[in-house]
Every structure is written in structure tokens, then in C-alpha cells.
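Work through the exercises below with the sequence and the model open. Each task is followed by a solution in steps.

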Amino acid sequence: MGILSSRVATRSESFALNQAAYAKRIANLHARRADARAGGPEKMRAKHLARNKVLPRHRVELLMDPGSPFLELGELTGDGRYEGVSPGAGIITGVGMVSGRPCMIIANDATVKGGTYFGLTCKKHVRAQAFAWQHRLPCITLVDSGGAFLPDQANIFPDDGQFGSIFHNQIGMSGDGIPQIAVVMGPCTAGGAYIPALCDEVVIVRGQGFMYLGGPELTFAATGETVDAESLGGAAMHCGKSGVTDHIAEDDRHALLIARNIVRELGQVPPSSRKQEPSRPPRFDPAEIHGIVSRDPKFPTDTREILARLVDDSEFQEFKPLYGETLLTGFARIHGYEIGILANNGVLFPESAMKGTHFINLCCQRNIPLLFMSDVTGFMVGQDVEQAGIAKHGAKMITAMSSARVPKYTLNIGASFGAGYLAMCGRAFKPTAMFAWPNGRSGIMGPDQAAMVMSLVRETNLRIEKKTWTDEEREAFKAPVRKIYEDFQDAHNFAAHGWIDGVIEPLETRGTLALLLELAARVPAQKTQFGVFRF
Ligand code: COA
């Protein structure tokens with residue numbers, strides 16, 4: 001295998017300036033994470049603890065095997081999207097080891113608006129289920145929720161991908177033999193009661209967990225019947241009379257212990273089907289990535305330098321190094337797991353698209369997972385490339401990427417714009433997981449380009465109306481367009497909307513990918529059936 005070299009001057013002023021700019025990005029990421037990890041407001045956390053309940057993140061920790069990693073998905077979903085609601089949108093989702101088995105853990109955060117479901121809470125829950133389904137992971141739901149966040153009805157109730165999809169997925173997964181377990185640790189009202197009711201085994205905490213289609217107030221309003229919560233939907237009633245739940249726990253810790261015991265009896269943990277070589281660190285310090293990523297997006301970053309700091313022993317068996325050089329393709333290992341990498345190093349040309357197609361084809365044939373490292377402003381434009389058939393070559397790459405049934409991971413390490421975003425396995429192509437670095441930017445086009453296009457359209461219309469505008473007027477028109485595109489392109493905006501699974505630091509990348517590859521190694525291989533290629 002070829003060893004990547006490095007030409008980075010780590011003592012240069014430019015390196016130091018890049019590092020300083022990156023340190024700010026990382027501080028910003030950690031501030032947002034701290035918000036997400038705190039959960040709801042102090043007052044609600046105190047109320048939760050006063051009820052003798054364990055805080056949601058602590059519940060997740062107690063459920064998991066001590067010291068094992070948690071692969072969190074959607075940590076920053078909802079960030080800034082709902083006034084006064086912490087990032088996370090009131091739910092924690094991620095993969096953790098429980099009794100020696102990787103499980104999808106989905107935990108309501110009752111300190112955030114009573115653990116109710118906003119539109120993005122539904123999206124996050126559904127995304128966690130999709131990930132679990134793909135990896136055949138048992139789902140453990142820690143229920144503590146007031147059900148729907150009523151003002152957000154349009155984003156919760158009517159459509160596919162919203163609350164109803166949670167049930168639909170549970171049923172589908174169960175039909176595919178994927179265990180569904182619920183621990184009722186607080187209220188679950190109305191539609192929310194179906195989440196545990198659709199599970200294989202349900203644990204409920206005495207005096208704390210309640211399940212009913214209508215609570216005491218609604219029951220009184222509807223029927224005039226006066227009944228307390230415990231008799232209507234408490235642990236003793238459901239375990240002793242209705243049979244809706246199966247195990248009574250005395251408190252949160254006891255409930256989580258029962259859940260761990262249930263997981264212990266789920267049968268054989270699927271074995272890994274991939275050979276893992278011993279992990280070797282890169283030959284160049286991954287922390288140097290902070291000084292390599294260009295602080296000014298107008299100046300590109302050399303992706304080879306990034307690769308040299310990400311892959312085991314900096315070994316990269318490059319495929320077609322002399323052809324289509326704006327797309328690097330090759331085989332490498334991350335913590336010993338083999339992976340096929342496609343990484344941009346410039347805009348996509350017909351040759352790079354053809355090379356990408358060929359490489360994806362190879363990886364599917366060999367059942368090697370794919371990593372798309374995007375840093376691309378798009379496909380090349382102009383008469384030469386049109387005549388060279390860039391549309392059909394781009395279409396080939398997109399067909400190959402979309403058809404590929406090996407695990408696919410997308411990591412935005414810089415730019416990811418236009419059709420380049422799509423070709424490098426954008427969200428629509430259902431990557432197995434998708435993350436961005438804090439410097440990641442993405443959009444239909446960049447802010448300057450969008451402002452320019454919109455002003456040209458406006459100028460054409462003015463000409464038709466036989467009007468003109470001054471330079472100042474043009475600039476006043478462009479400024480807000482630029483601002484909208486600037487805010488939109490931020491990786492944190494993508495995380496907040498749930499368009500990516502999270503923002504990770506460069507230094508977290510090897511660990512995150514290794515966890516993902518380890519999960520993928522336990523799933524049976526799928527055969528790829530390519531769509532028609534236009535030649
Ligand atoms: N929709 C919108 N907001 C809700 C809500 C809902 N379903 N349930 C609770 N909230 C809000 C409260 O208004 C409060 O907001 P605030 O912090 O701005 O004042 C916040 O969530 C916390 O609620 P609170 O009642 O103070 O907390 P709690 O821990 O004592 O009780 C619940 C939580 C969920 C048990 C309780 O609020 C409740 O019963 N809600 C209604 C549940 C329901 O009927 N859902 C049916 C929906 S299908």
C-alpha cells in the first residue's frame with residue numbers, strides 16, 4: 001500500500017492562523033453540545049430530580065455497559081429552532097452497548113417541555129429507528145413524555161415521517177425480528193401509549209410510569225368518571241390487570257436493570273463478518289488537521305493532507321492516481337476496518353465522475369464500505385465539459401452511488417454544494433450515516449453566487465421594464481440574499497434541522513467511523529443491483 005506523505009509547514013504563520021480559526025469552531029461546537037447535554041431549564045431538572053427520577057442522560061448511562069462509547073445521533077437537532085428549547089429537541093438517540101450487545105437507545109427528556117414531541121423530535125426518533133433497522137439493533141425506548149407538543153401539530157400528526165411513522169417502524173422492525181423494548185418511566189399519554197404497547201417487553205416504574213389513551217382529566221371530561229392516575233394507568237394495574245406491561249420496577253435504576261436483563265436474553269449477538277486488522281494510528285498527527293483546513297473558504301484545502309491524518313498508518317492504496325485527479329479514490333483502513341474512500345480535491349470533471357463510478361463499482365463487487373469525504377463546489381461547467389458529456393458522466397456516478405448497497409458514510413469536511421453535494425452521497429441517497437466537521441458548509445450554491453444569480457435575474461427584469469439600478473441598490477439587494485445563504489450553509493444549521501446526524505470534530509472522526517464500521521460488520525451483506533448507466 002502507498003504511504004501518504006505530507007508537505008505541511010506546521011510552523012508557518014498560515015498554519016497557526018488556521019489553527020486559531022479552527023479552535024473557535026471547536027469551542028462553538030462544544031458550547032452547543034453543553035446546552036444539549038444539560039437538557040431542559042434548571043427549574044425543570046430540579047423538579048424531575050425532586051420526583052426521585054434520574055435525569056435522562058444519566059438514565060442512558062445506567063442502561064449502558066460502564067465505560068462503553070455512545071454513538072449519538074442528532075445531538076444538536078432542533079438547536080435554535082424552538083424558542084427556549086435546548087438542542088436535542090427533547091429526545092436522546094444513539095447506539096450504546098447494553099449487556100454486551102449494541103442497541104439503539106431512544107430516551108425522552110421530560111425536562112424539555114414535558115418530553116413532548118415536536119416535529120423534529122419525531123424526525124429524530126424516526127431517524128434512530130431507520131438506523132436501528134438498517135443495523136438490526138434492538139430498540140430500547142425510555143418513555144417519559146407528554147405525547148404531542150400540541151402547537152406543532154402540522155409537523156407531528158398528518159404526514160409520513162412524523163409520529164405515526166414511529167409505530168409503523170416499530171411494527172416493521174418487529175416483523176423483521178428486531179426486538180422492541182420499552183421502559184415506562186413517566187407519563188405516556190394518548191398516541192404515546194402505543195409506543196410501549198407496540199413493544200415485545202415493557203417495564204414500568206411503580207408510582208411514576210403511567211400509560212393511558214386519556215388521562216384522568218380527559219376521562220372525567222369525556223365520561224364524568226373520576227379516577228386517579230395510578231388506577232387508570234399505573235404499574236400495578238397494567239402488570240396485574242390489563243396485561244399492557246410486563247415488569248414492575250420500584251424506581252428508575254431498578255427499571256434499567258430489568259431492561260439490561262431483558263437484553264441479556266435476546267439470544268446470540270450477531271458475529272462480525274469482516275476481518276479487522278490491528279488498528280494503527282496515522283503517521284501524521286490528526287490534530288494537525290486544525291492547522292491544515294483553510295480558514296478562508298476561498299482557498300482550498302489539500303484533501304491528501306487530511307487523508308494522511310485520518311487513515312491507519314497513513315496508508316492509502318490509491319486507485320487511478322493519474323486520472324481524474326479532482327476526486328481521490330482508494331482503499332484504506334480505519335482502526336483496522338477496510339474502507340473505500342472517495343474524497344474531493346477540486347470540482348468534479350467528466351474524468352473524476354467516471355473514476356468515481358468505477359471505484360464505487362469495485363467496492364460493491366468486493367463488499368467494501370464506502371466513505372464519501374465531500375469538499376466540492378460542484379461539477380465543472382462550460383462548453384468543453386458539456387461537449388465531453390459531463391451530464392452523462394455525472395449521472396453515472398450518481399447512479400453508482402445511489403445503487404450501491406454496501407454501507408455508505410458521508411463526511412462533509414469542507415464544502416458540499418449543488419449537484420456535488422448530491423453526487424457525494426447527500427442525504428437523499430440515504431447514507432448509512434452522515435456527519436460534518438464544524439467547518440462544513442453546504443447549499444445549492446455559495447452565498448456570493450446566490451446573490452449574484454438573484455441580482456442578474458432582477459437586472460434582466462429591470463431591463464425589460466426599461467429601468468436601471470445603482471451599484472448601491474444592487475448591493476442592498478444582494479446583501480440579504482448573501483446573509484440567508486451564509487446562515488443556511490453552516491454545518492450547525494444542517495444538524496439543527498436533522499439533515500445530518502451530527503457535527504463532529506476532526507479528532508472524533510476515526511473513532512466515530514470505527515463505531516459505524518463495527519456495527520456494519522454485523523449486518524449481512526446485500527447485493528447491489530445497479531441502475532442503467534448512460535455511456
Ligand atoms: N403540548 C404542548 N406543551 C406541553 C404539553 C403538550 N402536550 N405538555 C406539556 N407542555 C408544556 C407545558 O406547558 C410546560 O411549558 P412551560 O415550561 O413553557 O410552562 C412544559 O411543557 C412542562 O410542563 P409541566 O406540566 O410544567 O411539566 P410536568 O413535568 O409537571 O408535567 C406532563 C409534564 C407532560 C405530564 C404534563 O404537562 C401533561 O400532562 N401534559 C399534557 C399531556 C397530554 O395530554 N398530552 C396529549 C397529547 S396527544
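Is F530 buried, partly exposed or exposed? F530 is partly exposed, because its relative accessible area is 22%. The classes are defined by relative accessible area: buried is under 20%, exposed is over 50%, and partly exposed lies in between (1.4 Å probe, protein chains only).

The model is predicted: local features need pLDDT of at least 70, side-chain atom pairs count only at pLDDT 80 or more, and totals for chains, interfaces and linings use all residues. Residues are numbered from 1 along each chain as its sequence is written, and side-chain values use heavy atoms, with hydrogens and water left out.

**Exercise 1. Classify two aromatic pairs.**

Step 1. Take the criteria. Rings of Phe, Tyr and Trp (its six-membered ring) pair if their centres lie within 6.5 Å; planes under 30 degrees apart count as stacked, over 60 as edge-to-face and the rest as tilted.

Step 2. Note the total: the structure holds 14 aromatic pairs. One of them is F210 with Y212, at 6.4 Å centre to centre and 15 degrees between the planes, which is a stacked pair. Both F210 and Y212 are buried.

Step 3. Turn to F530 and F533. Their ring centres are 5.5 Å apart and the planes stand at 40 degrees, so this pair is tilted.

Step 4. Look for a cluster: Y117, F163, F167 and Y194 form one.

**Exercise 2. Trace the salt bridges of D501.**

Step 1. Take the criterion: a side-chain nitrogen of Lys or Arg within 4 Å of a carboxyl oxygen of Asp or Glu. The structure holds 30 salt bridges.

Step 2. Establish the setting of D501. D501 is buried, with a relative accessible area of 2%.

Step 3. Find the partner in helix 4. D501 forms a salt bridge with R127, and their closest N and O atoms are 2.7 Å apart. D501 lies in the loop between helix 19 (491-496) and strand 16 (502-503) and R127 in helix 4, so the pair ties together parts that are 374 residues apart in sequence. Helices (H or I, at least four residues) and strands (E, at least two) are DSSP runs, numbered from the N terminus. R127 counts as buried, at 17% relative accessibility.

Step 4. Add R427. Its salt bridge with D501 has the closest N and O atoms 3.4 Å apart. R427 is in the loop between helix 16 (418-423) and strand 14 (433-436), and this pair links distant parts of the chain, 74 residues apart.

**Exercise 3. Describe the bridge between R59 and D252.**

Step 1. Read the distance: the closest N and O atoms of R59 and D252 are 2.9 Å apart.

Step 2. Place the residues. R59 is in helix 3 (residues 56-63) and D252 in helix 10 (residues 252-264), so the bridge ties together parts that are 193 residues apart in sequence.

Step 3. Check burial: R59 and D252 are both buried.

**Exercise 4. Compare the settings of two residues with positive phi.**

Step 1. R136, a residue other than glycine, has phi near 55 degrees. R136 sits in the loop between helix 4 (119-135) and strand 4 (139-145) and is partly exposed, with a relative accessible area of 38%.

Step 2. S314 is not a glycine either, and its phi is positive, about 55 degrees. S314 belongs to the loop between helix 12 (303-307) and strand 9 (317-318) and is buried, with a relative accessible area of 0%.
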